[in-house]
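Colleague: Got a minute to walk me through this one? I'd like the charges and the sheet, in whatever order suits you.
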Amino acid sequence: METKLKLSIEEAASLLQNKQTVAFPTETVYGLGADATSDEAVSAIFAAKGRPGDNPLIVHIGSVEQLPQVVAEVSDAAKMLIDAFWPGSLTIILPKQANLSDLVTAGLSTVGVRIPSHPVALELLKKVNLPIAAPSANVSGRPSPTTAQHVADDLRGKIAGIVDGGETQIGLESTVIDCTATIPVILRPGGVTKEEIEAVIGKVYVYEAPKTEHRRPRSPGMKYKHYAPAAPMTIVRGDAGFFQQVIDEAQSDGKKVGILVSEENASKFDADVVVTCGTRSDFSSVAKRLYDALREFDQHDIDVIYCESFDDSGLGEAIMNRLLKASSHRVMAQSGGDV
Ligand code: TXA
Ligand code: MG
């Protein structure tokens, strides 16, 4: 399939109306969109990404008026969240509407939905006037794309086209919150923080993925390897001396070592490849750079990656969630402080 790299919004809208797959920018990451009411269109998403069929997709709409096309009912908490955070990076899980393709929800009775705030996404969704299923536009298991180039690197030849809207603003996926229970549960931390949500609806729970894969996870996406660069990554928790010692030991085993560190720490360490990722004084700069930084390691010939660890308050919670997944929860900790 030939992938058109610079689609206009009109071209993208007409491809989507014709059940084709189109990647487009949102404020979080690029999504790979298709008509959420069509089995044929939705199965093309799973095929292009190599995504397991039991992992449901998020549905995107351009206005609240479209919500009844996607969900069967809206709880009071969900209404408050919609007023506070849409358009924006909050995906809300609600009981699904019968019209949607069952492939979108992987057979679940619930569906995740959001209105993105990116002007290109909004204009496209309004023009198409259909609910659009759109997971992140990466090959399954790879870091999510934050530029049109990342999308092309992963999916060129497998999708109809890409709308290039430049670099995405937030850089991490939306927060996913399940509003089907009395007390809502955050299933995936993201662009909107727990603190911001609790300021609107009061106490929420945060779901913690089981460490073993025996139990069925509550959000099916949680059980898969995610966001991972090619070389195995380990998070290092400790002071600068400990971090350097970890690097030195791997090098003395003959390994080429890449490290992922904040700008503050970049000059402190001696490694084969140093990739920087924003500043510790502003977590939004770390979030924005994170996936590009993870992809950068694949351009280098390295055997292992060691990564700095961050405080998990505010946006730090989403950053650590992605880093832990990218490193398959491998953490090397010194007893005592952080880098
Ligand atoms: O920011 C985002 O959310 C991006 C942009 C493109 O909107 N999309 C995105 O989609 O990250 P995806 O498919 O890569 O991640 C969706 C996550 C998965 O972990 C999936 O398992 C979970 O949401 N999910 C979707 N529907 C669900 C449902 N009904 N119940 C529980 N989890 C659900
Ligand atoms: Mg994804």
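Modeller: Sure, one term up front: buried means under 20% relative accessible area, exposed over 50%, and partly exposed in between (1.4 Å probe, protein chains only). This is a predicted model, where local features need pLDDT of at least 70, side-chain atom pairs count only at pLDDT 80 or more, and totals for chains, interfaces and linings use all residues. Residues are numbered from 1 along each chain as its sequence is written, and side-chain values use heavy atoms, with hydrogens and water left out.

Colleague: OK, how many salt bridges are there?

Modeller: The count comes to 15, taking a salt bridge as a side-chain nitrogen of Lys or Arg within 4 Å of a carboxyl oxygen of Asp or Glu.

Colleague: What does Asp154 pair with?

Modeller: Arg295, with 3.0 Å between the closest N and O atoms. Asp154 sits in helix 5 (residues 148-155) and Arg295 in helix 8, so this pair ties together parts 141 residues apart in sequence. Helices here are DSSP runs of H or I with at least four residues, strands are runs of E with at least two, and both are numbered from the N terminus.

Colleague: Buried or exposed, those two?

Modeller: Both Asp154 and Arg295 are buried.

Colleague: And Arg289, what's its partner?

Modeller: Glu296, at 3.5 Å between the closest N and O atoms. Arg289 is partly exposed because its relative accessibility is 23%, and Glu296 is partly exposed at 29%. As for networks, salt bridges with shared partners join Arg142, Asp154, Arg295 and Asp298 into one.

Colleague: What about Lys4?

Modeller: The Lys4 side chain meets that of Glu11 in a salt bridge, 2.9 Å from N to O. Lys4 is partly exposed, with a relative accessible area of 41%, and Glu11 is too, at 31%.

Colleague: Switching to the sheet: what's the strand order?

Modeller: 7-1-2-6-3-5-4-8-9-10, an open sheet of 10 strands with mixed pairing. Two strands pair if DSSP finds at least two bridges between them.

Colleague: Which strands stand at the edges?

Modeller: Strand 7 (161-162) and strand 10 (205-206); each has a single partner strand, so one side of each is left without a neighbour in the sheet.

Colleague: How do strand 3 and strand 5 pair?

Modeller: In the parallel sense, over three bridges, with strand 3 covering residues 58-60 and strand 5 residues 110-114. His60 stands opposite Arg114 in strand 5.

Colleague: Last one: where does Asp303 lie?

Modeller: In the loop between helix 8 (283-296) and strand 14 (304-308). Asp303 is partly exposed, at 36% relative accessibility.

Terms used
Chains are lettered from A and ligands numbered from 1 in the order in which they are written.
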